[in-house]
Amino acid sequence: MGEKIKEYFSKNQNVVGFLSLLLFCYLLLFLRLGFYPLVDVDETRYVGISANLLNQGDWITMILNGAPFLEKPPLYFWLNALFFNFCGDVNPLSARFMTAFLAMFSVIFTYFFARKTLGSNYALIASFILLSNLWFLLFSHIAILDMGFMVFTMSAIYSAVLSQFCTKSYNGKYCWYFGWLFMGLAVLMKGIIGFIIPAMVVFLYFLSIKKVKELFKPVNFFPGLLIFLFAVTPWHYSIFTEYDMRWIEEYIIKHHFSRFLDSAGLGRKQPFLFYIPIIFAGFIPWTFNMISAFVNGCKALIREVKSSKTFATIFSADTNDRKILLFASIYFLSVFLFFSVSSTKLPSYILTLFPALALLTAYYWWGYIVYNKYEKGIKISTVIGSIFFIIVGIVGYILVNFITPAGISREIALAQSFSSQLIGWVMIIPLISILCLSNKNRALLFITKLVFMFGVIMIATTYIFGYMMQFGQRELEEYAQDASLVYDSKLVTFDFANKYSVMNTFGRNIEFLPDIDFESLDKIVQNAKEQKVPVFIIIKNKNYNSYSDKFADWQLVKVGEKYSLFAKFFREKDKMLYPQINKYKKMDKLPVF
């Protein structure tokens, strides 16, 4: 029996490898996707916008808190809304499903792209590396736009480059058509940058291999351009027709050109090298292998330039190996420089270049596993990485268990409930990696990194993400649900910045009063009194003492760790829905935890 299984595996390596990839996609992307609540701020507001599409039936204008949301194009919200309609519910799992599905699509596309270029072994390694890095896993578990943008820009770039690996011209033509389609979807996902990134990478790559004319062949260019325009024009024309210059100023000028040239108004200006530490941290557990691959590649280039006495060798693409290395390097460097030059920088933006990092690092591992190359570099980088994680584990254990900074003892107490599992995992798997090195088990060494990230994501989704939500957000969601017991009630947040977590009762408009604005609050209360509907207000406990006299005639509904809920009722039947009110007396001060 054992021999037959072994024989089957040896004859069907490609099938077994691909099925293993699908299994890890499920384990790493979907297994505990709905186990923790929505993450404030972007996740809750984007999910709220998606749900509003269904509630209001307007698929052109996105609505946030009763007002048009003109910052972003609609594709992400369309996909979410369609899935909400399919499954019949809006919850953390349904909210994140499309993000995880798009992440899986990118892994599978990377597999087929890499297999077409350098074979199935390289394809498996590249797709597993993309699937299992920290940044990719983090943003596949949060319902925001960046994963979808990465997927469609990557797909547009891959499609164009695949045209150079097609032996039949008509297959190459269809690659271009798909490239234009994916580029259109990237624009619908995040705007004009969805055209700029793929066009920039593809142009620079074809320029480097001296095939720019391929980009403008009529048989490729004109049908592809029509496909692109067919994808992007209907929505852009419809939204422009409805909002005219208001949309241009908000969508085009403010959230495209101003974001790139001057982010002072958005508060997101960062130094030029902002993304380097993010890349190092985000590419864990492959970071040290990536650095080793970069050093090895630079040394190889220097040797080639010295031997040929010309820099032209850098752009040599006479083999598939060199084509992939050149393409992935241009992909990485151009996207990195683009976002580094941009005035507005957010950590999530740099996710766009991670497919290029996966392709480059995979080439290094492919040489090590299949061709017994780069052994010294893999060994050194693995040992350094293992020591790094062991030190991190020791320091983390000391900090959590023996050092309790003043003022955050509660947070430390909660963290201790799961820290031992995470710290143990961070230390044990690197030790196993060192043992694999000593036994020269190359494939198992690679697998330990996959197992390492599986454990990290399981601990994160089971404990860490929920732990992060303990400090206020759960209360906001709970209070929003309490207010929704009366359908037409008013809900107000007072004296703190917008918290879209309170929009967990989708379709409800929230009055955000970020300052001490009693004049606006009085107007809201007067309006509610005329309509005879209750008003609920959420107040931060630490702010309450400075204006407690203003709320002397409000009834305290609930006291939380960070926020408290007050209400004014104008109908006795509404008050009866909240028996918990009787548990509290009016108080001048609220506890501050």
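Colleague: Let's start with helices. In what kind of crossing does H16 pass H17, left-handed or right-handed?

Modeller: H16 passes H17 in a left-handed crossing. The term applies because the near helix is turned anticlockwise from the far one by less than a right angle. Keep in mind that this is a predicted model.

Colleague: Why are H16 and H17 called roughly perpendicular to each other?

Modeller: Look at the angle. Helix H16 (residues 354-371) and helix H17 (residues 375-402) pack at about 115°. Angles of 65 to 115 degrees count as roughly perpendicular. H16 and H17 are therefore given that name. Their axes are 9 Å apart.

Colleague: What lies in the loop between H16 and H17?

Modeller: Asn-372 has its place there. Its phi is near 55°, a positive value, and the residue is not a glycine.

Colleague: Why is a positive phi worth pointing out?

Modeller: Because most residues other than glycine have a negative phi. Asp-244 is also not a glycine, and its phi is positive, about 55°. Asp-244 follows H11, in the loop between H11 and helix H12 (245-261).

Colleague: What makes Asp-244 partly exposed?

Modeller: Its relative accessible area is 41%. Buried means under 20%, and exposed means over 50%. The value for Asp-244 falls in between, so the residue is partly exposed.

Colleague: How do you know where H11 has a kink?

Modeller: Axes fitted to the seven residues ending at a point and the seven starting there are compared. At Thr-233 in H11 the kink is about 40°, and the proline Pro-234 comes shortly after. From its first C-alpha to its last, H11 (residues 218-243) reaches 36 Å. That is close to the 38 Å expected for its 26 residues. Its buried residues include Phe-221, Phe-228, Trp-235 and Tyr-243.

Colleague: Which form does the peptide bond from Ile-284 to Pro-285 take, cis or trans?

Modeller: That bond is cis, with omega near 10°. Most peptide bonds are trans. Pro-285 is found in the loop between helix H13 (275-282) and helix H14 (287-308).

Colleague: Now the sheet. What is the order of its 5 strands?

Modeller: The order is E4-E3-E5-E7-E6, in an open sheet with mixed pairing. Strand E4 (510-513) and strand E6 (555-559) are called edge strands because each pairs on one side only. On average, neighbouring strands are turned by 25° against each other, direction ignored.

Colleague: What makes the pairing mixed?

Modeller: Check the strands beside E5. Strand E3 (residues 490-494) and E5 run parallel, joined by 5 bridges. E5 and strand E7 (residues 563-568) run antiparallel, joined by 6 bridges. Take Ile-539 in E5: Phe-494 has it as bridge partner, and Ser-564 in E7 stands opposite.

Colleague: Why is strand E5 described as largely enclosed by the rest of the structure?

Modeller: Count its buried residues. In E5 (residues 535-540), 6 of the 6 are buried, so the strand is largely enclosed. Buried means a relative accessible area under 20%. Both faces are covered. Val-535, Ile-537 and Ile-539 are buried on one side, and Phe-536, Ile-538 and Lys-540 are buried on the other.

Definitions and conventions:
Residues are numbered from 1 along each chain as its sequence is written. This is a predicted model: local features need pLDDT of at least 70, side-chain atom pairs count only at pLDDT 80 or more; totals for chains, interfaces and linings use all residues. Side-chain values use heavy atoms; hydrogens and water are left out. Buried means under 20% relative accessible area, exposed over 50%, partly exposed in between (1.4 Å probe, protein chains only). Helices (H or I, at least four residues) and strands (E, at least two) are DSSP runs, numbered from the N terminus. Two strands pair if DSSP finds at least two bridges between them. The expected span of a helix is 1.5 Å times one less than its number of residues. Axes are lines fitted to C-alpha atoms, for helices over the stretch in contact, and angles run from 0 to 180 degrees between N-to-C directions. Angles under 35 degrees count as roughly parallel, over 145 as roughly antiparallel, 65 to 115 as roughly perpendicular and the rest as oblique.
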